[in-house]
Amino acid sequence: MEKYLKTRYGLKLVETMGKKSFKVALSICNLSKPNAKQNTHLIAMAKVPDTTHNMQIMFEDLKPEIESLQSFTWRGKAMKVFIFGDYWFLCKLYGLSGPSGLHPCLWCETNKKDMQKDQLTGSMPKKRSLNSMQENLTQFLASGGGEKSAKHFKNVIYPAMLDTELDAVAPPYLHILLGIVAKHHSHMERDAAILDQKILEERAKLSNLSRKNMKNMA
Ligand SMILES: [Zn+2]
């Protein structure tokens, strides 16, 4: 990232959900403390929940602004906007039906059933792009657009609200970490149970041995 920022300005677009209001802020990654309050600029706020409909209204205004920012150069450096937010927000922003759909990943077309298998075999599912998602959406709408049929169209049910490609969308750290921690915990429990079993077996062997020795001595 540091290398990247030598030739470009990185702008971080973040969504935060407060008490009954939702906010979109922009901060500059090239500063030493990009997340500090004084370096974060509120660019939109609405006292409504961040439903798809409310987001569509807000991003209709923000989209051209963000596009013009990205075509702007300042002191010889171009600007690039990166998107941050929780996973639900990102799904809605790009028109996916949500994290519980059959194709829940924003970055690729894997489906829930193949996810584990892909991990084991190391096979790479097809990456999503703004174009592929637009194709999915066109087909979804042509089919009648019922939400139940979303799974047949990679779970794309709305148009993306921004033109920012998915390589500029940051995977939510907390979301990934929760999964890793849960997996680690269940592996640890499984290993601890195996270890417990082994200790019991060893103890049983030892006590049998000492009983035999006692007999021999007697
Ligand atoms: Zn994926």
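Two residues count as being in contact when their C-beta atoms, placed from the backbone, lie within 7 Å. Keep that in mind as you click around; what you have open is a predicted model.

**Stop one: Leu90**

Select Leu90 and skip its neighbours within four places in sequence. Which residues is Leu90 in contact with then? You should find Ile83, Gly85, Leu106 and Val169.

**Stop two: the core around it**

Now widen the selection. Leu90 belongs to the largest nonpolar core, a group of 19 residues. Colour Leu90, Leu93, Tyr94, Phe140, Val156 and Ile157, since these are the members that touch the most other members. Strand 1 (8-17), helix 2 (52-70), helix 3 (87-93) and helix 5 (130-142) each put in at least two residues. Helix 3 gives the largest share of this core, with four residues.

**Stop three: helix 5**

Select 130-142, which is helix 5. Try a distance between the end C-alpha atoms: they are 18 Å apart, and that agrees with the 18 Å that 13 residues should span at 1.5 Å a residue. Next, show the side chains of Met133, Asn136 and Phe140, the buried ones here. Look down the axis of helix 5 and the buried residues fall within an arc of 60°, so they line one face of the helix. What sits on the face turned away from the buried side of helix 5? There you'll meet the exposed residues Asn131 and Ala142. Step past the end of helix 5 to Gly144, where phi is positive, near 115°.

**Stop four: helix 2**

Jump to 52-70, helix 2. Centre the view on Phe59 and look for a kink of about 35°. Then pick out Met55, Met58 and Ile66, which are buried. The buried residues of helix 2 pack against strand 2 (22-28), strand 3 (40-46), strand 5 (77-84) and helix 3.

**Stop five: the sheet**

Those strands lead on to the last stop. Show the strands as ribbons: five of them make an open sheet in the order 3-2-1-5-4, with mixed pairing. Strand 3 and strand 4 (73-74) are at the edges with a single partner strand each, so one side of each has no neighbour in the sheet. How many bridges join strand 2 to strand 3? There are six, and the two strands run antiparallel. To finish, select Val24 and look across to strand 3, where Ala44 stands opposite.

Definitions and conventions:
Residues numbered from 1 in each chain as written. Predicted model: local features only at pLDDT ≥ 70, side-chain atom pairs only at ≥ 80, totals over all residues. Core = buried A, V, L, I, M, F, W, Y, C linked by C-beta atoms within 7 Å. Buried ≥ 20, exposed ≤ 12 C-beta atoms within 10 Å, placed from the backbone. Expected span 1.5 Å × (residues − 1). Arc of directions from axis to C-beta. Bend = angle between axes of the 7 residues up to and from the residue. Pairing = 2+ DSSP bridges.
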